[in-house]
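Here are some notes to read alongside the structure, for anyone opening it for the first time. Keep the viewer at hand and take the points in order.

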Amino acid sequence: MTASPPLSDRPHDKRPPAPAPTLPVSTPPQVPVGRIPVQDVRPVIDHGLRPAKAVVDETFTLDATVLREGHDAVNATVVLTAPDGQQTLIPMECINPGLNHWVAEVTASYPGNWTYRVEGWSDPYGTWEHDASIKVAAGVDVELMLTEGALLLERAAEQPGRSGDGRLLLDDAASVLADTDRSVTTRLSAGLDRAVREEMSRLPLRDMVSPSPDYPLLVERERALYGAWYEFFPRSEGCYYDTNTEAWVSGTLVTAAKRLPAIAAMGFDVIYLTPIHPIGRAARKGPNNTLGAGPHDPGSPYAIGSPDGGHDAIHPELGTFDDLDEFVAEAERNGLEVAIDIALQASPDHPWVSSHPEFFTRRADGTIAYAENPPKKYQDIYPLNFDNDPSGAYAEVRRVIQVWIDHGIKIFRVDNPHTKPVQFWQWLIQDVAKEHPDVIWLAEAFTKPAMMHLLAKVGFQQSYTYYAWRNGAGELRDYCTELAGESAAYMRPSFWPTTHDILTPYMQFGGLAAWKLRAALAATLVPTYGIYAGYELMEHVARPGAEEQIDNEKYQFKDRRWADYEPGGPKEGQSLAGYLTTINAIRKAHPALRWLRNLRFHHVDDENMLCFSKARRLPDGSEDIIIVVANLDPHSTRSSMVRLDMPVLGMDWPDSFEAHDLITGETWTWWEHNYVRLGPEWEPVHIVAVRRP
């Protein structure tokens, strides 16, 4: 039998190509759509004016609506462009044909400024595959359909980038399709063969390619999304009361460094220092925010500035820059990064008050306005004014930030950024990133959602949240669903059960169960969480009339006598350090907990209980799946049924699995419906690792 020549070599195919037709396009106010319309690409932040965010190796879902006229097949591809210009084409899948909803999983492999776009395209092989299967079976246009298939595969075989094996496979299939000596069934089967389909999927024919705009994607190091923070006041670490002088002796950076191994042993990643600058004497606050400070009261470290210096100086009682350098080095030796507090405000003694009076707001009586957050008044703090001399103020703050970067600080916790111009933060963060792209900024902005979201959009990698006040199951589900949804493309929440400013009634009166529960939830609901020193000791007594601790550490020294809680000490066993160590070890061992967008909730019959899961496919192809069940009532033990959404866990409804509790070490067999009992009589939380054969 003589093989037929390729159809493309036959005389009727030797006509010169027709010139490309001129395409009329619409004009403003209309914006032309592509030949294959691509709409509703997500995530896109503020119409592409600001970048979506991800961290290295974080997988996120990219969505788009892609459609076309008529019945011909349409397809879509994500084009991911790396900072060096290298492009990766990622096939999309239509998960809802009725809504033309296409998705793809996108992962960037290293930090930098990436872009992505969605390309819609006509799929000629998909169209032929559909039409040929129907028409040939019905005996309609049989020879025409087989001939068109052969021509299509011949064209595909010549595509740039096609491998030699792929070219041979498609040429052979085209030859069989064109061979009229073979049966119709054999010819059609050659064009629909599984190997042919896989090759055409690997490198498809893409006609009428219609791209969306390129959208920015900022890819950052993992710490921008994931980390466990520990906050302390350096002056309290190593402080003591001198009975001879009847005065407190401040801790120093040297004594504070001695606490680092214990913090690292609990599994924390970041040690966060409240301000370490000189503290003003004028209008200094005394204990519990009183106005009458005594001669030995240390004052609030947020009242920054004295004759000893301002934001670019270290309080003399804490030490020197050499001491800071050694502190940073010791932190690194213990696997910790150092974060410092940036509070852009000044005490009345700050050098800026005399050298840069334009940095402050003067009232009608000539006095400088102090900070207020009614009913709170901060007479010891002057807010900065960024509008009198923007260039000067911006440049001075940028200089200050560089001082700390030069001493190894790569993380800044920013106090009340919502009280400064957003455009200032946008400029500052971007300017720092030009030379120091690994610097991370945490926004302490307990304010309206719009401001919190905007601060994240313009550059803050992380944000404090309302977690401390979300205690009910419904509240937590709704809030965390919001945080893990569309806003997760730019805003990364940080959960703190307490801070030096926050001690909610739930924590004041919830007892041991509450302190365990809120730490465990913070550590598993979101990738970044933090605790304030003393959390281990459940410091729960509030100042009357306020949701903050009595004898607040902002205004006085606090010697916690850590040694008393160590083995052999008089308070051995009265600390949550072991529990926090377990929680952090679980986080490190289970990569699913390092992501935010994989959070999924499950039903629990008892409205006082909460269940959620996180899953992540690992490089070896295995799945890491964690299920958390919590009793949110710290005062009573409760029993209920948990109703797991098995497909969310990657299983069929009848499947079972081994549920290993990472808190207690117990193991059970779980199915869709599972009985749980949790509370202060036992443990308030299950953290379950899913094990399957």
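1. A word on pairing before anything else: two strands pair if DSSP finds at least two bridges between them. Keep in mind too that this is a predicted model. With that settled, have a look at E6 (residues 93-96) and E7 (residues 101-107), which pair in the antiparallel sense over three bridges. Glu 93 stands opposite Val 103 in E7. The two strands make a hairpin with four residues between them, and in its turn you'll find Asn 100 with a positive phi of about 55°.

2. Now step back to the whole chain. It has 693 residues, and 53% of them count as buried. I get 16 helices and 32 strands. The C-alpha trace spans about 110 × 60 × 40 Å along its principal axes. As for contacts, take those between residues at least 6 apart in sequence: 73% of them join residues at least 24 apart.

3. Next, the barrel. How many strands does the closed barrel have, and with what pairing? Eight, running E11-E14-E15-E20-E21-E22-E23-E24, and the pairing is parallel. From one strand to the next, the twist averages 30°.

4. For a piece of that barrel to zoom in on, try E15 (residues 337-342) and E20 (residues 411-415). They pair in the parallel sense, with four bridges. If you want one bridge to find by eye, go to Ile 340, whose partner in E20 is Phe 412.

5. Then there's a helix pair worth a look. Two packed helices are described by the angle between their axes and the distance between the axes. For H10 (residues 390-405) and H11 (residues 422-435), the axes come within 11 Å and cross at roughly 40°. That crossing makes H10 oblique to H11; angles under 35 degrees would count as roughly parallel. The handedness of the H10 and H11 crossing is right-handed.

6. Which residues meet where H10 and H11 touch? From H10 come Tyr 394, Val 397, Arg 398, Ile 401 and Ile 405. From H11 come Gln 423, Phe 424, Trp 427, Leu 428, Asp 431 and Val 432. Sorted by class, the contact has eight nonpolar, one polar and two charged residues.

7. Stay with H11 for a moment. Its buried residues are Val 422, Phe 424, Trp 425, Leu 428, Ile 429, Asp 431 and Val 432. Those buried residues pack against H10 and E20, and also against strand E21 (440-444) and helix H12 (449-457). So don't stop at H10 when you follow what H11 packs against: E20, E21 and H12 belong on the list as well.

8. Leu 525 deserves its own point. This residue lies in helix H15 (residues 511-525). Is Leu 525 buried or exposed? Its relative accessible area is 0%, so Leu 525 is buried; the cut-off for buried is under 20%. Leaving aside residues up to four places away in sequence, Leu 525 touches Tyr 467, Leu 476, Cys 480, Phe 495, Leu 596, Leu 599, Phe 601, Phe 612 and Lys 614. If you'd like a distance to try in the viewer, the C-alpha atoms of Leu 525 and Pro 374 are separated by 33 Å, and the two residues are 151 apart along the chain.

9. Two peptide bonds to check are cis. One joins Pro 28 and Pro 29, with omega of about 10°; Pro 29 sits in the segment before strand E1 (38-42). Another joins Arg 42 and Pro 43, where omega is about 5°. Pro 43 is in the loop between E1 and strand E2 (52-55).

10. Last, a couple of backbone angles. His 47 is also in the loop between E1 and E2, and has a positive phi of about 60° although it is not a glycine. At a relative accessible area of 76%, His 47 is exposed. Asp 141, another non-glycine, has a positive phi of about 50°. You'll find Asp 141 in the loop between helix H1 (124-138) and helix H2 (142-157). With a relative accessible area of 39%, Asp 141 is partly exposed.

Key: Residues numbered from 1 in each chain as written. Predicted model: local features only at pLDDT ≥ 70, side-chain atom pairs only at ≥ 80, totals over all residues. Heavy atoms only, no water. Axes fitted to C-alpha atoms, helices over the stretch in contact; angles between N-to-C directions. Parallel < 35°, antiparallel > 145°, perpendicular 65-115°, else oblique. Left-handed = near helix turned anticlockwise from the far one by under 90°. Contact = heavy atoms within 4.5 Å. Nonpolar A, V, L, I, M, F, W, Y, C, P; charged D, E, K, R; others polar. Buried < 20%, exposed > 50% of the residue type's maximum accessible area, 1.4 Å probe, protein only.
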